[in-house]
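Me: Could you walk me through the ring contacts and inner spaces of this model, and tell me how each label is earned?
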Amino acid sequence: MSDQIVKPYGDTMNDGRVQMSFTLPISWSEAADEAARQLVAKMGFEEVQVVEGRAIASGFSFFVVYASTPHGIDAAAIKAPSAKAHAMSMDDVDAFVRERIGRKVRVAGACIGTDAHTVGIDAILNMKGYKGDYGLERYGMFETMNLGSQIAVEEFVRIARDRELDALLASQVVTQKGSDIKNFTALAELLEAEGLREKVVLICGGPRVTNLMASELGYDAGFGRGTLPSEVAAFIATSMEKRGLR
Amino acid sequence: MELRIDSAAVHRCRAMAQAVVAPVEEFIAAHSTVAVERSVLRLLGVDGVGPDEIPLPNYIVDSLPIEQRPHGIALPFGRALAQTGLDPAALAVAIGEGRHTLAEFDDVPSEAARGALAPFVAAAMHRIAERRAERDERLSRIPQLEPPLLYVIVASGNIYEDRTAAVAAVEAGAQIIAVIRSTGQSLLDFVPYGPTTEGFGGTYATQANFTIMRTALDEISERSGRYVMLTNYASGLCMPEIASMAALERLDMLLNDSMYGILFRDINMKRTFIDQHFSRMLNACSGIIINTGEDNYLTTADAVEQAPAVLASQFINEEFAHRAGMPDAQIGLGDAYEITPDLQDGFLYQVAQAQLTRQIFPDAPLKYMPPTKHMTGDIFKGHLIDALFNLTSVMTKQTIHLCGMLTEAIHTPFLGDRALAIDNAQYIMNTARHFGDEIEFKAGGRIETRAADVLSQCEALLARVTEMGLMRAIETGVFADVKRPADGGRGFDGVFARSDTYFNPFESALRQAAGLEAVR
């Protein structure tokens, strides 16, 4: 095994110990415990221990399992670039925009589709911000619109055209049955179809969003849980400069 | 354990809430909305869909020429009933199929219309009373356990999967099941029809879905020997319609807030005030407990700062509910455990707020909402935060306890998540059952001081609202820093002023049933 290959660490290097829990749609019995054990073994795990198995309703049993994985991963070879590369404060960003862009940046954010959960977009846009980091509404060189919840993709694109937006922030919290991916994709495609895609910085956000996923969907950046407003602002400002969007 | 609180300040807050709500009630009494009128049709027995799958209540109300709207739907519909001799359901189908129009019957005298409506109004009121009596009978025969009542949500999008999840949750110990609605439904200006198997973040509220879940819960109630309550949402653009469906299908609780839709869904404030009033009169009569939405103040802004706004909103919600004839026992005022876990003594502030609410509203079945905002993918920490939430709830004797899920930040609950959440709550509430009875608050200590601060800030906030008037206060962003114009937002085009001949037979029947004075 190469030095770079890593396995989960329980209490000994390369022991590969993993914990998991799941529910099976069967009544509990000793046979149910054994079914859980064999299922985990079929997943490829070794040394499987069902440490807890019990009925949680008629016809449903819950299990907690510890097991060892034979697999490892070359962690050093993995690349997942972050969009949060530019550490800048609000004042830095405002100064950067003033000097390099020379005008106010027009930004709008929305929960698109039927999603009504504005907690993420509010944390980024509202004056108050998040964890002591002011929201984009507070930035002197940003003209910020919070469109709120349940904004149809068509409406968002219309606003982008009418208001000549520089940056669009699309938020999705609900991810059931892939609704987030569908909405993000629809927005990127419609901007493309309307000839606006090259003119804007397109950003998606939400607790399940990663930057890698965002680039696969054709976005310039994706911001996940724990993102600070200044990280988003810095990305908008620097990428506008990089792309010559003035 | 009792907080020493300034009872004179509490009296002043209540008096201010009355002063704030009184002018709004005058406005409400002079107006109606398309949703109220559709709910009149539903109560009369109109159901089903017409052309292009448009629900018949919408089709018929929309068929009324706009200049006739101020008189209400009841008289034109009653004229048609009188002349055709059809019952409301059959008449609605005939209108939907184009065999009749309301305009055909303009010449029929109003008295004939009222006479034709009367038996159907009486039948609806009778059915509502019957469903209420059924609930009372079941509750006395198979009573619930001592509060906090464990409340869990189901939200698969598919009513049949929801049913499976609900039954499993009841077997694990849940006493209240809420079917979360599909995320877009609050903004639909109609109620979807029939059983549904697709939704996002929840399942559509339809009358058929109500029946499916009610039947399943009645069955498991009998089997488990305790009555299981069913909850849905009378919020958004169809508050009164959902309330009428809930009355007819014996739901037990409805989320129903006097300001939530305005602030957090950008629904027009006039629409919301009128709709909440009619829906609450229905709720009062059907014995449904409302759950108000103060938790939303805490999830969208800082929970420590917003505590006074929560209390102010509770006073306002209480007053609106009283004016719709609701007794305290049906007013489930909301609060939530949303202070950041990083704050030193945050738990003390949570206890202060929960106990303050308990003492100010002693007879209200308080609805306590779990942590959501600061829940992360760290399910282990999340389970711990939920444990302290559970402890606060049992200590301060909350009534309706929405069980927190360790996977709150990740997905709509898995079946196993609900079982773990109920297990957590049962453990804490059993092991600390009488903890609150055994301890006292230190006089002038951190908890009492915090409670006193919240109360005095609430009083100051209500004073500002009293001075400005409620609508103006909402316009200027006094609540939750959200500004909503009086004539803006969704659903404003469905609001209209009543004419002198406006007639809504259920309004008078419901006011009479609730012991309220007749309108004008």
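**Cavities and rings**

Reply: Happily! There are five cavities of 30 Å³ or more. This is a predicted model, in which local features need pLDDT of at least 70, side-chain atom pairs count only at pLDDT 80 or more, and totals for chains, interfaces and linings use all residues. Residues are numbered from 1 along each chain as written, chains are lettered from A and ligands numbered from 1 in written order, and side-chain values use heavy atoms, without hydrogens and water.

Me: What makes F184(A) and Y219(A) an edge-to-face pair?

Reply: Rings of Phe, Tyr and Trp (its six-membered ring) pair if their centres lie within 6.5 Å; planes under 30 degrees apart count as stacked, over 60 as edge-to-face and the rest as tilted. Here the centres are 5.7 Å apart and the planes 70° apart, so the pair is edge-to-face by that rule.

Me: Why is F184(A) called buried?

Reply: Buried means under 20% relative accessible area, exposed over 50%, partly exposed in between (1.4 Å probe, protein chains only). F184(A) has 0%, so it counts as buried; Y219(A), with 4%, is buried too.

Me: How do you know that F273(B) and F320(B) are stacked?

Reply: Their centres are 5.4 Å apart, with 20° between the planes, so the pair meets the stacked rule. F273(B) and F320(B) are both buried.

Me: Why does R138(A) count as lying over the face of Y134(A)?

Reply: A charge sits over a ring if NZ of Lys or CZ of Arg is within 6 Å of the ring centre and within 35 degrees of the ring normal. R138(A) lies at 4.0 Å from the ring centre.

Methods
On a 1 Å grid over the protein atoms alone, a cavity is a set of points where a 1.4 Å probe fits but cannot get out, and a pocket is an open set with protein on both sides within 12 Å along at least five of seven lines; lining residues have an atom within 4 Å of a point. Grid points are joined across faces, edges and corners, and a volume is the space filled by probe spheres set on the points.
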